[in-house]
Structures are given as structure tokens and as C-alpha cells.
Amino acid sequence: MIYLDNAATTKVRDEVIDIMVKYLKENYGNPSSLYDFGYSVSRDINSCREVIAKYINAKSEEIFFNSCATEGNNTAIFGSISSAKGKNIVSTDIEHSSVYNVFKSLKEKKEIRTLKLDDRGYIDIQSVKNLVDENTEIVSIAYVHNELGVIQDVEGIGKAIKEKNKKCIFHVDSAQAFGKVNIDVRKSKIDILTLSGHKIHAQKGIGAIFVNKNINLRPFVLGGGQEKDFRSGTENVAGIMGLKVATEFMYENLEKRKEYLHHLRELLIGGISEIENHKFLTNENGVPNIVTVAFENIRSEVLLHFLESEKIYISTGSACSKGKKSRTFDGIGLDNKYNDGVVRISLSEFNTEEEIKIFIEKLKKYIDEIRMIMRRGR
């Protein structure tokens, strides 16, 4: 099997599995218990807060655990907006569905303002300055786009927001950024940051949210008062400890990993460049693990299934869109002739040069076959 869909989810590290098994079989006490068997688990959970806080320049008491970035994004937005009329919220048309659909659901209550993008998917800073005003409650963007791989100028955006409205909440979805780029919530003036464990070789069903201690964010889940009343429910201890291990691996080896992924990316781009009538939608300034490309006269779903027959797995776009055509490509003005042929190849450190070579060979083969079939059908 050649797995090249790591932006959708990642293989869980053996070290993560090992620590999870330990907490499932041995350290299974309830963190809310008063006796030492449970209280020691509570201390271990706090050690994970410290690790995450360290790598984003936050305080440990500003880190809360949840199930995933989707939950975090919903919490960030619904918990930030008021019932006051005449207020607005600012975002883009290419955000993850857990942001875009939330704003869509609020359009009857709030004015939704859309930031201008260039043809590569970068946010226009002047657009931020033009749209944010004294009535803007929240600006919500992705640090790294899940399909384009672009790294937004989060520091510049944060500065522009606060210059226009110091009380405006700046929310950043870091699902594709955490563990892959250096994040500094203070320097970038980020008020809320969300992340998912399964994007960094932890397991599915665990995530975290940073909330600046000066932000009064309403809780989304009520109950027994866990996570300082912010997110009730007995903590997923094994998941949290797995997230800690995965985070440490990602950041302690960040530069070496980026160098390796850049190398694989260059092999990938070099091979794809030999195929006629293609257009890269990612660029060299983005994260090195995502390469999105559009092929003319190709249906991406057909290509995906041809490759699947060889046990090679890529994506036609965001895995969270469930087969729907992506909003992203309209958002960046992609030529219609490429719209049906967009695929995303996303790498991890577990991929090898040999896998990339095999993938390129099969990609060329099946694109030729599909184009031949399509020519015959005309």
C-alpha cells in the first residue's frame, strides 16, 4: 500500500499506541477522582497542556482538550458571537466546512464579510483592513489551507485585525499547521487556536483548543465541569497522552522532517511536471507535505479509483467534503477546464522515495489511459 492522503488523516505512531495502551490498561483512573489513582492521571493530563503550550507560546491553563478541530471551530465561533444586532463576522469562502458551514448557519443573524484572495489562495491584508471595523466580533481563518497548502501571513493578519478593533477575536484553525509550522499565538495576536490529533500521527477523536486567558468564551458542552467548566465530559485520557507524544515527535524533529518532505515534494513535482496539460495549485512557499494539481481532460474520481486498484491512495480534495465539489477552486478562480481533474497528494515522513517513484509511474499510466478513453467517447 502507498498512502498519500496524510492531510485527511495520518498513520498513528507506534509510540502513541504504546502510551495509549498503558493508560487504557494501567493508568485508567478518572482524573476527577479525589484519590491518588485518579489524581495522578490529572497531573499527567496537565503535562500534555504544558507540551502544547510550549510549542505555541501559550500558558498551560489556556489549553483545553476536546474531540477534534471541528468541535473546536464550532466552539470558537458560537462561543464568541453575541446576540447583539448590527454585528459582523469575517472569513473566506475557502475555509474548512467546520468554519464555512457555521458562518452559513449564522447569515440570518450576522453580516458575513468575505476576505479577498489572490489566485493562489492567499488572503489580501488590505482586505482585512477594509472589512474589519468596530462591529466585527470574530475573524476566522485557517493557518494552512487543507487543499492548497498555503501558509497564511497570520502575523500580518493578526496585526491588521487588532489595529482596526482590539476587541475583535482572531480565531485560527491550525488543523493542517500544528506540528508542521512554527506557531506563536502571542506574536500573531491569535485569541483562539484549534487543532486535531489525527493530523499529526495521534489517533482520531482527540483535539485541543487554545483560548487566550483574557477571552471570555462561552462553553459549548455543559455537564460535570471538566476542563475548568469549559468542556465538560470525562477526559479522553489515553487520547490526550497520545496527543502529547505525537506533539513532541512533530516539534522535536520539525526542521529535519520539513527537509525530508521538501525532498519528496521535489521528486513528486518533477515527475508530475512531465505530464502534459497540468496545473499546480500549490506553490513552493506552502507546507511541503501538500501537493495539489489539476489535470486537463481528467475526472479526478476516475483517476482515484484507478490508483486505488493498485492500493495507492490520494484525495480529490478535502476528505471532509464527502465527494462534493470543492468551494476552493471557485474561490481562487480556477479555469473550468481543470475543475474536474483536481487531486491532492499529501505526504508524511513515513513515505519513501521508492513510493513516490512508483506513484509517478502509475499516475502517468492511468492519466494516459483515462485521456485515451475520453477521446474515444467524443
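Here is a short chat about how the pieces of this predicted model fit together.

Biologist: Before we dig in, what kind of model is this?
Modeller: Residues are numbered from 1 along each chain as its sequence is written, and side-chain values use heavy atoms, leaving out hydrogens and water. Local features need pLDDT of at least 70, side-chain atom pairs count only at pLDDT 80 or more, and totals for chains, interfaces and linings use all residues, as this is a predicted model.

Biologist: Okay, what is the strand order in the open sheet of seven strands?
Modeller: Strands here are DSSP runs of E with at least two residues, helices are runs of H or I with at least four, and both are numbered from the N terminus. Two strands pair if DSSP finds at least two bridges between them. The pairing in this sheet is mixed, and the edge strands, strand 2 (63-66) and strand 4 (111-114), each pair on one side only. The order is 2-8-7-6-5-3-4.

Biologist: Which residue in strand 7 is the bridge partner of Val-172?
Modeller: Strand 6 (residues 169-173) and strand 7 (residues 192-196) run parallel, joined by three bridges. In strand 7, Val-172 has as its bridge partner Leu-193.

Biologist: At about what angle does helix 3 run to strand 7?
Modeller: Angles run from 0 to 180 degrees between N-to-C directions, with axes fitted as lines to C-alpha atoms, for helices over the stretch in contact. Contact means heavy atoms within 4.5 Å. Helix 3 (residues 69-78) lies across strand 2, strand 5 (136-142), strand 6, strand 7 and strand 8 (207-211), and its angle to strand 7 is about 160°.

Biologist: Is Ile-52 buried or exposed?
Modeller: Ile-52 sits in helix 2 (residues 36-56), and it touches residues including Ile-63, Phe-65 and Phe-178. Buried means under 20% relative accessible area, exposed over 50% and partly exposed in between, using a 1.4 Å probe and protein chains only. Ile-52 has 1% relative accessibility, so it counts as buried.

Biologist: How far apart in space are Ile-52 and Phe-178, C-alpha to C-alpha?
Modeller: Along the sequence, these two are 126 residues apart. They also touch each other. In space, the C-alpha to C-alpha distance is 9.6 Å.

Biologist: How is helix 1 oriented against helix 7, roughly parallel or roughly antiparallel?
Modeller: The axes of helix 1 (residues 14-25) and helix 7 (residues 237-252) come within 8 Å and cross at roughly 155°. Angles under 35 degrees count as roughly parallel, over 145 as roughly antiparallel, 65 to 115 as roughly perpendicular and the rest as oblique. That crossing therefore makes helix 1, relative to helix 7, roughly antiparallel.

Biologist: How many nonpolar residues are in the contact of helix 1 with helix 7?
Modeller: Ala, Val, Leu, Ile, Met, Phe, Trp, Tyr, Cys and Pro count as nonpolar, Asp, Glu, Lys and Arg as charged, and the others, Gly among them, as polar. Ile-19 and Met-20 are among the helix 1 residues there, and Val-245 and Phe-249 are among those from helix 7. Besides two polar and one charged residues, the nonpolar count is 11.

Biologist: Last one: why does strand 9 have a side without a neighbour in its sheet?
Modeller: Three strands form this open sheet in the order 9-10-12, with antiparallel pairing. Strand 9 (278-280) and strand 12 (342-346) each have a single partner strand, so one side of each lacks a neighbour because of where they stand: at the edges.

How values were computed: Lists of a residue's contacts leave out its neighbours within four places in sequence.
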